[in-house]
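Biologist: Can you walk me through this one? I have some quick questions.

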Amino acid sequence: MSSATRKILISCAVTTLSLVLFFTIPQVVYAVQPHVAEQTAWWVWMILLFAFSFVLGIFSVLAGVGGGVLFVPIVSGFFPFHLDFIRGAGLLVALSGALSAGAPLMRKGLADLKLGLPMALIGSISSIAGALAGLAMPANVVQLLLGVAIMGIAALMMRARVYGTPDSQEPDALSKMLHISGVYYEESSKSEVSWQIHRTPLGLFLFMVIGFIGGMFGMGAGWANVPVFNMLMGVPLKVAVATSGLVLSINGAAAAWVYIFKGAVVPLIAVPAIGGIMLGSKIGAKLLSKVNTRSVRMIVIIMLVVAGLRSLLKGFGI
């Protein structure tokens with residue numbers, strides 16, 4: 001990446017952050033529920049949120065899941081913030097992780113534009129629809145649906161298996177028409193691996209559903225993008241992971257603007273959450289080769305089950 005391009009990206013990021021701060025700072029006083037705000041100082045919750053996000057960032061990397069899928073259900077279940085603000089922050093958490101990893105993966109040739117853009121196009125449209133639908137629903141209904149979704153994600157994570165390089169199958173007509181295929185360099189074998197996809201129409205449909213769910217609940221979709229790419233469409237695991245980040249960055253950005261325009265992104269929640277997640281992710285990346293990832297993955301699944309049950313209880317008003 002050239003220095004000029006880097007300066008442009010930094011300027012865009014600073015401008016976007018300034019707009020977010022300008023439009024959402026009046027909403028800060030409403031972030032913490034009033035009965036809790038009277039008992040605990042607001043800055044205490046910000047420190048706790050940063051510390052929690054830091055730990056969450058470590059676990060999300062070790063378990064191979066995005067931070068957004070853990071952030072929203074756990075914070076909504078155990079922190080005194082309104083669900084709309086949590087979902088807005090969750091989208092930014094997932095978006096920041098995807099963007100930070102996107103450039104290196106593109107340079108290495110792992111993230112494939114021909115594969116990612118059709119999925120991102122349909123996913124971004126449905127994510128906007130999901131964001132609008134989620135913000136229009138009563139909070140208790142969204143909380144109940146979130147609990148159901150999280151329990152389903154935990155069940156999928158328990159059963160899901162991924163494949164490094166799936167068996168090659170004949171590409172379907174749609175993938176041939178869109179010229180979706182590619183070659184990447186496999187460092188472990190020091191060779192180039194060619195790949196192609198099948199079941200493209202079903203994959204497009206599933207990405208539409210995933211985008212809607214991600215926009216409605218403010219969660220990242222790495223938990224679903226990678227299995228669909230890898231297990232359903234036959235994309236090699238490394239390409240699936242890299243392209244999932246590309247799709248997530250586009251879908252997340254589309255849904256995030258809906259939450260920003262609706263005043264559902266509060267800097268005092270989003271900033272410590274993003275800072276903690278990104279710092280924890282760096283620590284998690286360093287620990288990745290030293291821990292038993294299967295054990296960590298089981299811990300994360302247990303966390304999701306607990307958070308899902310908590311969301312269900314809150315949805316029923318318990």
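Modeller: What follows is a short talk through a predicted model.

Biologist: Start broad. How many helices and strands does the protein have?

Modeller: The protein has 13 helices and two strands. Of its 318 residues, 47% count as buried.

Biologist: And the surface? What do carbon and sulfur atoms supply?

Modeller: The protein exposes about 15500 Å². Carbon and sulfur atoms supply 70% of that area.

Biologist: What share of contacts join residues at least 24 apart in sequence?

Modeller: That share is 82%, among contacts between residues at least 6 apart in sequence.

Biologist: Now the inside. How many residues does the largest nonpolar core have?

Modeller: It has 75 residues. Those with the most contacts inside this core are Phe71, Phe81, Phe229 and Met233. Helix α11, residues 237-261, gives the most to the core, with nine residues.

Biologist: Is there a general reason to expect a core?

Modeller: In soluble globular proteins, nonpolar side chains tend to be buried together.

Biologist: Stay with α11. Is Ser249 buried or exposed?

Modeller: Ser249 lies in helix α11. Ser249 counts as buried because its relative accessible area is 13%, and the cut-off for buried is under 20%. Not counting residues up to four places away in sequence, Ser249 touches Leu95, Ala98 and Leu99.

Biologist: Any holes? How many cavities of 30 Å³ or more are there?

Modeller: The count comes to one cavity. The largest cavity has a volume of about 80 Å³. Thirteen residues line the largest cavity, and the closest to its centre are Gly214, Met219, Leu248, Asn251 and Gly252. The elements that give two or more residues to that lining are α9 (200-217) and α11.

Biologist: Back to Met233. Which residues is it in contact with, neighbours within four places aside?

Modeller: Met233 is in contact with Met119, Gln196, Ile197, His198, Arg199, Thr200, Gly203, Phe207 and Val228.

Biologist: Where is His198?

Modeller: His198 sits in the loop between β2 (191-196) and α9. His198 is buried, with a relative accessible area of 8%. With neighbours within four places left aside, His198 is in contact with Gln169, Glu170, Pro171, Asp172, Leu232, Met233 and Gly234.

Biologist: How many residues apart in sequence are His198 and Asp172?

Modeller: They are 26 residues apart in sequence, and 5.1 Å apart in space, C-alpha to C-alpha.

Biologist: Backbone next. What about phi at Arg199?

Modeller: Arg199 has a positive phi of about 55 degrees, although it is not a glycine. Most residues other than glycine have a negative phi. Arg199 is found in the loop between β2 and α9. Arg199 is partly exposed, with a relative accessible area of 39%.

Biologist: And His179, what is its phi?

Modeller: Phi of His179 is near 55 degrees, a positive value in a residue other than glycine. His179 is in the loop between α8 (173-177) and β1 (181-186). His179 is exposed, with a relative accessible area of 57%.

Biologist: Last one. How far apart are the end C-alpha atoms of helix α7?

Modeller: They are 30 Å apart. Helix α7, residues 139-159, has 21 residues, so at 1.5 Å a residue it should span 30 Å, and the two values agree.

Biologist: Which residues of α7 are buried?

Modeller: The buried residues of α7 are Val142, Gln143, Leu146, Gly147, Ala149, Ile150, Ile153, Ala154 and Met157. An α-helix has 3.6 residues a turn, so residues three or four places apart point the same way.

Methods
Residues are numbered from 1 along each chain as its sequence is written. Side-chain values use heavy atoms; hydrogens and water are left out. A nonpolar core is a set of buried Ala, Val, Leu, Ile, Met, Phe, Trp, Tyr and Cys residues joined through side-chain atoms within 4.5 Å. Buried means under 20% relative accessible area, exposed over 50%, partly exposed in between (1.4 Å probe, protein chains only). Helices (H or I, at least four residues) and strands (E, at least two) are DSSP runs, numbered from the N terminus. Contact means heavy atoms within 4.5 Å. The expected span of a helix is 1.5 Å times one less than its number of residues. Accessible areas come from the Shrake-Rupley method with a 1.4 Å probe; for residues, only the protein chains shown count as cover. On a 1 Å grid over the protein atoms alone, a cavity is a set of points where a 1.4 Å probe fits but cannot get out, and a pocket is an open set with protein on both sides within 12 Å along at least five of seven lines; lining residues have an atom within 4 Å of a point. Grid points are joined across faces, edges and corners, and a volume is the space filled by probe spheres set on the points.
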